[in-house]
Amino acid sequence: MRGVLITSLYAPNGNPQPGPKFGEKLAWMRHLTAHAEDLYKAGIPVVLAGDYNVVPTDRDIYPTKSYAKDALLQPESRALFQRILDQGWVDAIRALHPDAPMYTFWDYMRNRWARDAGLRIDHLLLSAQAAERLIDAGVDRDVRARDGASDHAPAWVELREAAKARRTSRAPTRKTAPAPVRRKAPVPTGRPLLVIDGDSFAHRAYHALPKTILRRGGRPAGAILGFANMLLKFYRTEQPRAVLVGWDTLDAPTYRHQKFPAYQSGREFDKALLEQLDALPQFVAACGFANAKAAGYEADDFLAAAAVGEERRGGTVLVASGDRDTFQLASASTTILFPLRAGEVARISPAEVRARYGVDPEQVADFIALRGDPSDKLPGVAGLGAAGAAQVLRTYGTLENALKAGRFAAHAERLQLFRSIAKMDRKARLPRLADQTPTWAKAAALAREWELNQLASRLEELAAAAERAGGAW
């Protein structure tokens with residue numbers, strides 16, 4: 001790109017450590033630090049790109065202790081990488097994906113690619129002048145899945161042309177990153193719509209937290225507290241323009257149950273969980289957010305309808321759900337926030353869907369119909385599996401095309417049924433989703449009423465902060 005200095009580096013690995021190779025690594029990093037400072041002071045757009053052989057923080061590696069003694073994770077290596085950032089360099093991938101596990105390397109050993117046991121060691125650091133031009137950055141994970149692929153996946157950054165750079169922007173100060181900018185997805189207010197699968201997160205909270213957490217009258221509250229913490233974390237992290245929480249109606253069948261009685265059969269929920277599911281929409285409303293719940297629909301349907309509607313208005317969408325069915329909504333304007341263990345959240349883009357399943361988001365419903373979904377009691381095609389289903393769709397494009405070509409003739413009617421079940425209903429009716437101002441004080445009062453006092457105190461602090469800021473977060 002005209003007017004940008006692009007450097008390429010390959011830092012020493014440093015293993016085994018302790019030892020002379022680790023000493024050489026640290027000496028090399030110190031030389032790089034000095035050179036990086038000279039480049040930064042030059043006041044020109046610079047991209048300092050390459051394999052640094054440093055995992056900057058624990059969020060840049062999968063949960064493991066197996067790398068504890070590796071040179072890539074040692075405090076000395078990390079400290080030297082941080083010294084470079086402290087000069088003012090912007091870590092482009094972390095600037096746009098602050099919490100996602102954006103791995104760039106998966107060792108060939110121990111099935112690490114299949115387990116997503118990755119590390120982030122390839123970095124693109126931007127000088128202040130380059131950071132002003134930042135449009136997008138990411139990792140092409142799908143390349144790592146190819147036959148004979150490198151153990152690294154390409155990391156990339158996109159910058160504006162010099163003439164199109166924002167002339168009114170001030171250069172970032174040290175230790176700061178530019179605000180996230182999403183490519184080709186203009187938002188009227190500059191903030192995304194956040195839609196949440198309420199049942200998904202309530203279930204996760206119920207099973208993760210102790211059953212000894214109680215509210216007024218000795219009634220169960222673990223799911224309420226866990227869901228509330230999740231909701232506040234998402235709001236703080238994503239700063240959405242509005243929040244919609246979709247809910248299942250457990251006591252009324254949907255068209256899916258009517259068409260296929262075995263759908264989701266055998267599911268039983270504890271009475272304590274059902275009681276909290278009834279109470280949670282009240283908490284959501286007290287926060288100033290919207291609920292969507294209606295007989296005949298699942299939470300997924302409301303998420304789909306909201307995502308489609310927001311995209312049509314030129315907005316961006318964040319869909320928070322632990323249900324992989326929502327991967328069919330991923331697009332240039334819609335990102336899936338998929339919970340992992342230990343509170344981590346993966347950001348699922350179309351590229352992530354392709355990397356995980358080998359199909360595009362618009363093929364996910366076909367993929368589910370062919371592969372099956374044990375959790376929903378959809379059998380799929382016996383013996384086909386995920387790899388076989390993906391291969392069918394790579395060959396024919398759609399389930400319909402495969403059936404027209406004579407594939408699965410004996411199962412055609414059932415497969416079309418399974419696809420209709422897996423496909424989300426994008427026409428579900430929604431409440432109005434205008435920009436919202438959280439009503440933290442009202443939510444705090446409800447938490448006090450329920451005698452969830454720690455939660456109430458957090459909400460009161462948010463209310464006070466919002467008042468000091470003139471209504472903002």
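Tutor: Ala, Val, Leu, Ile, Met, Phe, Trp, Tyr, Cys and Pro count as nonpolar, Asp, Glu, Lys and Arg as charged, and the others, Gly among them, as polar. By these classes, the lining of the largest pocket has 15 nonpolar, 8 polar and 15 charged residues. This is a predicted model, in which local features need pLDDT of at least 70 and side-chain atom pairs pLDDT 80 or more, while totals for chains, interfaces and linings use all residues. Residues are numbered from 1 along each chain as its sequence is written, and side-chain values use heavy atoms, with hydrogens and water left out.

Student: What makes a residue part of that lining, and which ones are closest to the centre of the largest pocket?

Tutor: A pocket is an open set of points on a 1 Å grid over the protein atoms alone where a 1.4 Å probe fits, with protein on both sides within 12 Å along at least five of seven lines; a lining residue has an atom within 4 Å of a point. The largest pocket has a volume (the space filled by probe spheres set on the points) of about 900 Å³. It is lined by 38 residues, and Asp248, Gln264, Arg267, Asp323 and Asp376 are the closest to its centre. At least two lining residues come from each of α6 (198-208), α8 (255-259), α10 (299-312), α12 (364-371) and α15 (412-422); helices are DSSP runs of H or I with at least four residues, strands runs of E with at least two, numbered from the N terminus.

Student: Why is α12 called largely enclosed?

Tutor: Buried means under 20% relative accessible area, exposed over 50%, partly exposed in between (1.4 Å probe, protein chains only). In α12, 7 of the 8 residues are buried, so the rest of the structure largely encloses it. The buried ones are Val364, Ala365, Asp366, Phe367, Ile368, Ala369 and Leu370. They pack against α11 (350-357), α13 (385-396), α14 (399-404) and α15. Just after α12, Gly372 has a positive phi of about 95 degrees.

Student: What makes a set of residues a nonpolar core, and which have the most contacts inside the largest one?

Tutor: The set must be buried Ala, Val, Leu, Ile, Met, Phe, Trp, Tyr and Cys residues joined through side-chain atoms within 4.5 Å. The largest has 51 residues, and Val195, Phe327, Leu370, Phe408 and Leu415 have the most contacts inside it. Apart from it lies another core, of 44 residues, including Ala286, Leu318, Leu455 and Ala456. Contact means heavy atoms within 4.5 Å. Beyond its neighbours within four places in sequence, Phe327 touches Ile336, Phe338 and Val364, among others.

Student: How do you know that Arg78 and Asp58 form a salt bridge?

Tutor: The rule asks for a side-chain nitrogen of Lys or Arg within 4 Å of a carboxyl oxygen of Asp or Glu. Here N to O is 3.1 Å, so by the definition the pair qualifies. Arg78 lies in α2 (75-86) and Asp58 in the loop between β2 (46-51) and α2, so the bridge ties together parts 20 residues apart in sequence. Arg78 is buried at 18%, and Asp58 is exposed at 55%.

Student: Why are Glu310 and Arg241 called buried?

Tutor: Their relative accessible areas are 2% for Glu310 and 8% for Arg241, so both meet the definition of buried. They form a salt bridge, with the closest N and O atoms 2.8 Å apart. The whole structure has 19 salt bridges.
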